[in-house]
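Open the model in your viewer and keep the sequence panel visible. The stops below are given as selections, each followed by what is there.

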Amino acid sequence: MITSVDNPRVKDVLRLRKSRERRRDGVFVAEGVREVERALAAGLTVTATYVAPELLADWSHPGAEEVSARVLAKMAYRAEPEGVLALVEIPRRTLAADASLILVAVGIEKPGNLGAMARTADAGGADALLVAEANADPWNPNAIRASTGAVFTLPILEVSRDEVAALTQTKIATVVDSTRSHSEPDLTRPIALLVGSEDAGLDAAWLELADERVSIPMRGTSTDSLNASAAAAIVLFEALRQRTIAR
C-alpha cells in the first residue's frame, strides 16, 4: 500500500493535471467509480489503477494498487474523492470517411462545456467531435466528468481550421444574426456543425469557411445567445429529428 504523498507515483498522477503533460504522455486520469468503470468497459488501455479501501471498501480490479485515503485525496482532482482513479491512455481515433454528422467545437474555454458537448454529440448520434482552437481539452477531469463517459467512446480529434475546411461535409455555422432558423436546412445530408466559443462565437475566418449559417430563434428580452453546449444540443437533436423522420 502506498502511504506517502511523496511517492513518485503520486507525483506522476499530479503532473497529469496539466494539459501539456497529458498530451505529452498520451495519458489522462479517470477519477471516480463511474468514470473508471466506463473507461474499462470502453476497452481503453488502463496503465495504473489506485484504490483507497478506507473510502471504497467494496470495489476491486485486478492489478489495482492500494493507497491510503490521504494519498488518494492528494492524487484526486475532486474535493471529495470516491476512492478510485486510473491512468488511461488517450485513445487515438480517426474520422470515418462516411461520417455524416460531425460536431466541431471551436475555441471552447471551459472544460465542463466541452465535456457536455461530447455528451450531447454522443446522445444525438454524431459520428465525431472535432475540437479546434480550444483552451480546454477533452481529457481535463471536469470535461471527462461532464461527458459522463462519452469521451471514452465518441471519436474526438483535435484539429486545425485547415483540416475543418478540407471536410467534404456541408459546414453549417451557428450564429446569432442569421435570418435562417436552424430547423430550415436539410440536416439529413452529411454535415459538420460549427459551434463557437461561449463569449465570442465564431470569428470571421471560421465564418468564411462555412457553407451555410443558421440561428436558433429566441424570444427572450435580455438573452442574445446560448451556452455553446446548449446551442449544439438544439441543432444536433434537430438533425436527429429530421433523420428519424426520413427513415
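What should the 13 residues of helix H5 (residues 111-123) span at 1.5 Å a residue, and how far apart are its end C-alpha atoms? The coordinates here are a predicted model. Select H5 and check its ends: the expected span is 18 Å and the end C-alpha atoms are 18 Å apart, so the two agree.

Stay on H5 and colour Pro111, Asn113, Leu114, Gly115, Met117, Ala118, Thr120 and Ala121, which are buried. Now show what covers these buried residues: the set includes strands E5 (101-106), E6 (128-132), E7 (156-159) and E9 (191-195), together with helices H6 (141-147) and H9 (228-246). Past the end of H5, select Gly125, whose phi is positive, near 85°.

Next, select H9, one of the elements covering H5. H9 has 19 residues, and its first and last C-alpha atoms are 27 Å apart, close to the 27 Å expected at 1.5 Å a residue. Its buried residues include Ala228, Ser229, Ala231, Ala232, Val235 and Leu236, and also Glu238, Gln242 and Arg243. These buried residues pack against E5, H5, E9 and strand E8 (170-174).

Move to Glu212, in strand E10 (residues 212-214). Is Glu212 buried or exposed? At 16% relative accessibility it counts as buried, because the cut-off for buried is under 20%. Display the side chains around it: one polar contact of 2.8 Å joins Glu212 to Arg180, and another of 2.8 Å joins Glu212 to Arg189. Beyond its neighbours up to four places away in sequence, Glu212 also touches Thr170, Lys171, Ile172, Ala173 and Pro185.

Then select Arg22, in helix H2 (residues 19-25). Arg22 is buried, with a relative accessible area of 3%. Leaving aside neighbours within four places in sequence, its contacts include Leu16, Arg17, Phe28, Ile90, Asp137, Trp139, Asn140 and Pro141. Zoom in on Trp139: its backbone oxygen lies 3.4 Å from a polar atom of the Arg22 side chain. For a distance check, pick the C-alpha atoms of Arg22 and Ala41, which are 19 residues apart along the chain and separated by 21 Å.

Finish at the largest pocket, with a volume of about 410 Å³. It is lined by 22 residues, of which Thr174, Val175, Val176, Gly201 and Ser225 are the closest to its centre. Coloured by class, the lining shows 11 nonpolar, 6 polar and 5 charged residues.

Methods. Residues are numbered from 1 along each chain as its sequence is written. This is a predicted model: local features need pLDDT of at least 70, side-chain atom pairs count only at pLDDT 80 or more; totals for chains, interfaces and linings use all residues. Side-chain values use heavy atoms; hydrogens and water are left out. Helices (H or I, at least four residues) and strands (E, at least two) are DSSP runs, numbered from the N terminus. The expected span of a helix is 1.5 Å times one less than its number of residues. Buried means under 20% relative accessible area, exposed over 50%, partly exposed in between (1.4 Å probe, protein chains only). Contact means heavy atoms within 4.5 Å. On a 1 Å grid over the protein atoms alone, a cavity is a set of points where a 1.4 Å probe fits but cannot get out, and a pocket is an open set with protein on both sides within 12 Å along at least five of seven lines; lining residues have an atom within 4 Å of a point. Grid points are joined across faces, edges and corners, and a volume is the space filled by probe spheres set on the points. Ala, Val, Leu, Ile, Met, Phe, Trp, Tyr, Cys and Pro count as nonpolar, Asp, Glu, Lys and Arg as charged, and the others, Gly among them, as polar. A polar contact is a pair of N or O atoms within 3.5 Å; within protein, one must be able to donate a hydrogen and the other to accept it, and residues adjacent in sequence count only if both atoms are side-chain atoms.
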